[in-house]
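Colleague: I am new to this structure and should be grateful for a close look at a single part, set out in one connected account. Please begin with the strand pairing that you consider a suitable point of entry, and proceed from there.

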Amino acid sequence: MTPMADYFELPDELHVYYRFSYGGLSPFFRALVEEEKILGSRCPQCGKVYCPPRTHCGACYVDTQWLPLSGKGTVIAAVYCYWTPADWPVRPYVDLPYVYALVRLDGADTCLNSAVVVDDMRLNEKVRQGTRVRAVFRERREGKITDFYFVPDEE
Ligand SMILES: [Zn+2]
């Protein structure tokens with residue numbers, strides 16, 4: 001085993017500005033920003049609908065096709081968050097406490113991770129497995145999965 005070297009270290013910072021390409025998933029993010037719509041992708045061979053979308057079906061290895069989803073869905077699982085690290089994806093966008101949930105949009109076979117926002121502390125009375133939710137789009141959208149969140153759909 002090599003002993004640890006006694007290197008001199010100096011704290012420093014590195015700032016990197018770059019443009020990130022969403023590539024084949026660009027239509028999903030463009031629809032969030034420009035149309036306030038959530039797109040899924042459907043496999044033309046097996047019919048599986050992915051949301052979040054995939055450019056290819058993992059089972060059939062064929063290109064998927066875009067389809068709009070209603071933005072309404074069902075909570076599959078929920079966690080109540082009273083604390084999150086500062087870099088948690090939804091943290092800058094919602095106040096604590098909030099619900100972090102797996103939501104399966106109507107017509108989709110897979111689930112999104114997203115925040116479910118309620119207007120009071122009775123989270124577990126309002127959001128649980130089976131709760132119907134609908135997407136709400138932020139006024140300022142940036143092409144991120146956090147451009148929308150869910151609220152209970154109390155039709
Ligand atoms: Zn398939």
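Modeller: The part chosen is the pairing of β5 with β6, two strands that run antiparallel and are joined by five bridges. The model is a predicted one, and what follows should be read in that light. Within this pairing, Leu102 has Asn113 in β6 as its bridge partner. The two strands form a hairpin with six residues between them, and in this hairpin Gly107 takes a positive phi near 90°. Strand β6 is mostly covered, since four of its five residues are buried.

Leu102 also offers a way from the hairpin to β4. Val79 and Leu102 are 23 residues apart in sequence, yet their C-alpha atoms are 9.0 Å apart in space. Val79 is found in strand β4. Is Val79 buried or exposed? Val79 is exposed, because 11 other C-beta atoms lie within 10 Å, and a residue with 12 or fewer counts as exposed.

The hairpin strands also belong to a wider setting, the largest nonpolar core, which has 23 residues. Those with the most contacts inside this core are Val75, Val99, Ala101, Val103, Val116 and Phe150. Two or more residues of the core come from each of α1 (26-35), β1 (38-42), β4 (72-81), β5 (98-105), β6 (112-116), β7 (132-137) and β8 (148-152). The greatest contribution is that of β5, which gives five residues.

Phe150 shows how several of these stretches of the chain meet. Leaving aside its neighbours within four places in sequence, Phe150 is in contact with Val103, Ser114, Ala115 and Val116, and also with Val133, Arg134, Ala135 and Val136. Phe150, in β8, is moreover the bridge partner of Ala135. The strands concerned, β7 and β8, pair in the antiparallel sense over five bridges. Strand β7 is joined to β4 as well, again in an antiparallel arrangement, here by three bridges. In that pairing, Thr74 has Arg132 in β7 as its bridge partner. In general terms, strands of a sheet pair through backbone hydrogen bonds, either parallel or antiparallel.

A further group of strands lies earlier in the sequence. Three strands form an open sheet in the order β2-β1-β3, with antiparallel pairing. Its edge strands are β2 and β3, each of which pairs on one side only. Between β1 and β3 there are five bridges, and the pairing is antiparallel. Here Ile38 stands opposite Leu69 in β3.

The loops around this sheet contain several backbone features that merit attention. Glu36 lies in the loop between α1 and β1. Although Glu36 is not a glycine, its phi is positive, at about 50°. Glu36 counts as partly exposed because it has 15 C-beta neighbours inside 10 Å.

The loop between β2 and β3 holds Tyr61. Tyr61 likewise has a positive phi, near 60°, in a residue other than glycine. With 9 C-beta neighbours inside 10 Å, Tyr61 counts as exposed. Pro52 lies in the loop between β2 (49-50) and β3 (65-69). The peptide bond from Cys51 to Pro52 is cis, with omega near 15°.

Pro53 comes into the account through Gly24, a residue in the segment before α1. These two residues, Gly24 and Pro53, are 29 residues apart in sequence and 9.9 Å apart in space, C-alpha to C-alpha. Gly24 is partly exposed, because 14 other C-beta atoms lie within 10 Å.

It remains to place the hairpin within the whole. The protein has two helices and eight strands. Read along the sequence, these follow the pattern α-β-β-β-β-β-β-α-β-β. Of the 155 residues in the protein, 21% are buried. Among the contacts with a separation of 6 or more, 53% join residues 24 or more positions apart. Returning to the starting point, the reader may therefore look first at β5 and β6, with their five antiparallel bridges, and then at the core to which β5 gives the most.

Notes: Residues are numbered from 1 along each chain as its sequence is written. This is a predicted model: local features need pLDDT of at least 70, side-chain atom pairs count only at pLDDT 80 or more; totals for chains, interfaces and linings use all residues. A nonpolar core is a set of buried Ala, Val, Leu, Ile, Met, Phe, Trp, Tyr and Cys residues joined through C-beta atoms within 7 Å. A residue is buried if 20 or more other C-beta atoms lie within 10 Å of its own, exposed if 12 or fewer, and partly exposed in between; C-beta atoms are placed from the backbone. Two residues are in contact if their C-beta atoms, placed from the backbone, lie within 7 Å. Two strands pair if DSSP finds at least two bridges between them.
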